[in-house]
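Thank you all for making time this morning. I would like to walk you through one structure, going slowly, since some of you will be seeing it here for the first time.

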Amino acid sequence: MRSKVAQLSISLKLTLSLFFLFFLILIIRSNFSFTGINSNTTPSTATSQTHLSNISKPSSDQDDHDHDDQRATLNCPSSQPLIQTCTKTPPSLANALVHYATTNVTPQQTLKEISVSMRVLEKKSPCNFLVFGLGHDSLMWTALNHGGRTVFLEEDKAWIEQIRRRLPGLESYHVEYDTKVHQADELMRIGTAEDCQVVGDPRFSRCQLALKNLPSDVYDTEWDLIMVDAPTGYFEHAPGRMSAIYTAGLMARNRENGETDVFVHDVDRPVEDKFSKTFLCEGYLTEQEGRLRHFTMPSHRARLGRPFCP
């Protein structure tokens with residue numbers, strides 16, 4: 001994931017900064033509450049409001065003193081002070097604002113690609129969000145899932161340590177892969193076998209493609225969103241994303257009920273293209289934007305007998 005990161009245009013960086021600023025303003029506005037005459041009515045204010053509503057033009061038999069009293073009542077300020085309360089900026093959002101405002105490195109996905117996942121997060125967050133890969137976009141995903149849990153799985157131990165020193169608030173885990181990109185054709189053949197069509201916990205799968213060495217909590221959590229943007233897959237001896245894509249699909253199918261939104265990046269490459277269509281299923285494909293595919297996958301446990309692909 002790290003190796004393909006490049007500096008995007010200044011316009012993309014500016015757009016992201018403006019987006020986070022706008023997001024901050026919305027959160028701050030939503031946390032303001034005002035209490036005054038119109039929101040809390042006490043007996044004294046109720047009397048004042050009734051008096052004001054019954055005021056009419058002074059009749060000829062009213063003297064100037066009564067008229068002055070009415071005007072004094074009109075000009076009298078409320079006895080209740082205006083109370084204003086607000087909460088602090090969420091740490092995930094504050095960190096993202098500072099990070100992207102002070103760095104020249106921006107997320108590797110384009111603005112349009114990011115917007116696909118962002119629209120889903122707007123509906124589902126706070127939620128459980130699993131990301132294969134740890135990179136310069138990780139803080140952004142955490143901020144967009146404010147209040148939820150965002151977990152990152154990364155192949156490079158040194159890179160994890162480097163990111164943890166800079167961004168200690170991110171939850172990340174090291175993952176080892178035993179596949180290579182040049183094995184993709186053989187793994188595709190293996191993936192069509194009956195053992196790989198059985199839905200269940202990946203830890204107990206008999207399919208060679210299933211990842212069985214992830215932290216236990218990753219298997220025990222029902223993930224609402226899964227992003228596959230790692231491991232490295234742009235050269236022959238890289239791990240490739242064959243197992244990550246297959247395991248993401250297995251986790252989505254194995255949830256107790258509901259559905260999981262699965263995203264795969266770099267689908268312009270053969271492995272990501274073929275494996276996402278085969279194991280996440282073209283029938284579950286919701287949208288494609290640029291190099292990003294979005295699949296919406298239902299639980300197979302909620303309806304037994306559902307075919308692996310529709």
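Let me begin with Asp224, which, leaving out residues up to four places away in sequence, touches Lys124, Cys127, Asn128, Arg255, Glu259, Thr260 and Asp261. I should say straight away that what you are looking at is a predicted model, and that everything I mention is to be taken in that light. Asp224 sits in the loop that runs between helix H9, residues 216-220, and strand S6, residues 225-228. Is this residue buried or exposed? With a relative accessible area of 18%, Asp224 is under the 20% cut-off and therefore counts as buried. One of its partners deserves a second look, because although Asp224 and Asn128 are separated by 96 residues in sequence, their C-alpha atoms are 5.3 Å apart in space.

That pairing leads to a wider view of the chain. It has eleven helices and nine strands, and of its 310 residues, 44% count as buried. If we take the contacts in the chain with a separation of 6 or more, then 69% of them are between residues 24 or more positions apart.

Now to the interior. In soluble globular proteins, nonpolar side chains tend to be buried together. Here the largest nonpolar core has 44 residues, and those with the most contacts inside it are Leu130, Phe132, Ile226, Tyr246 and Phe275. Helix H10, residues 242-254, supplies the largest share of this core, namely eight residues. Apart from that core there is another, of 26 residues, and among them are Met118, Cys127, Leu134 and Leu139. To return to Tyr246 for a moment, its contacts beyond four places in sequence are Asp195, Cys196, Ser205, Cys207, Leu209, Ala210, Phe279 and Phe308.

Phe275 and Phe279 bring us to a pair of helices, since both residues belong to the H11 side of a contact with H8. How do the axes of helix H8, residues 184-191, and helix H11, residues 270-281, cross? They come within 11 Å of each other and cross at roughly 5°, and the two helices are therefore roughly parallel. On the H8 side the contact is made by Ala184, Leu187, Met188 and Gly191, and on the H11 side by Val271, Lys274, Phe275, Thr278 and Phe279. Sorted by character, the residues of this contact divide into six nonpolar, two polar and one charged.

Staying in helix H11, I would point you to Ser276, which is buried, with a relative accessible area of 0%. A polar atom of the Ser276 side chain lies 2.6 Å from the backbone oxygen of Glu272. Further along the sequence or further back, beyond four places, Ser276 touches Ile245, Val264, Val267, Val271, Cys281, Arg293 and Phe295.

Another buried residue with a side chain reaching a backbone oxygen is Asn145, whose relative accessible area is 1%, and whose side chain comes to the backbone oxygen of Arg149 at 3.4 Å. Asn145 lies in the loop between helix H6, residues 138-144, and strand S4, residues 149-154. Leaving aside neighbours within four places in sequence, Asn145 is in contact with Leu121, Ser125, Pro126, Cys127, Phe129 and Thr150.

Two of those contacts, Ser125 and Pro126, carry us to my last topic, the backbone geometry. Most residues other than glycine have a negative phi, and most peptide bonds are trans. The bond from Ser125 to Pro126, however, is cis, with omega near 0°, and Pro126 is in the loop between helix H5, residues 111-124, and strand S3, residues 128-132. A cis peptide bond also joins Ala230 and Pro231, with omega about 5°, and Pro231 lies in the loop between S6 and H10.

As for phi, which residues should we look at? Asp266 has a positive value, near 70°, although not a glycine; this residue is in the loop between strand S7, residues 259-265, and H11, and at 2% relative accessibility Asp266 counts as buried. Cys281, in helix H11, also has a positive phi, of about 80°, without being a glycine, and Cys281 is buried too, with a relative accessible area of 1%.

Methods: Residues numbered from 1 in each chain as written. Heavy atoms only, no water. Core = buried A, V, L, I, M, F, W, Y, C linked by side-chain atoms within 4.5 Å. Buried < 20%, exposed > 50% of the residue type's maximum accessible area, 1.4 Å probe, protein only. Helix = DSSP H or I, 4+ residues; strand = E, 2+ residues; numbered from the N terminus. Contact = heavy atoms within 4.5 Å. Axes fitted to C-alpha atoms, helices over the stretch in contact; angles between N-to-C directions. Parallel < 35°, antiparallel > 145°, perpendicular 65-115°, else oblique. Nonpolar A, V, L, I, M, F, W, Y, C, P; charged D, E, K, R; others polar. Polar contact = N/O pair within 3.5 Å; in protein donor to acceptor, adjacent residues only side chain to side chain.
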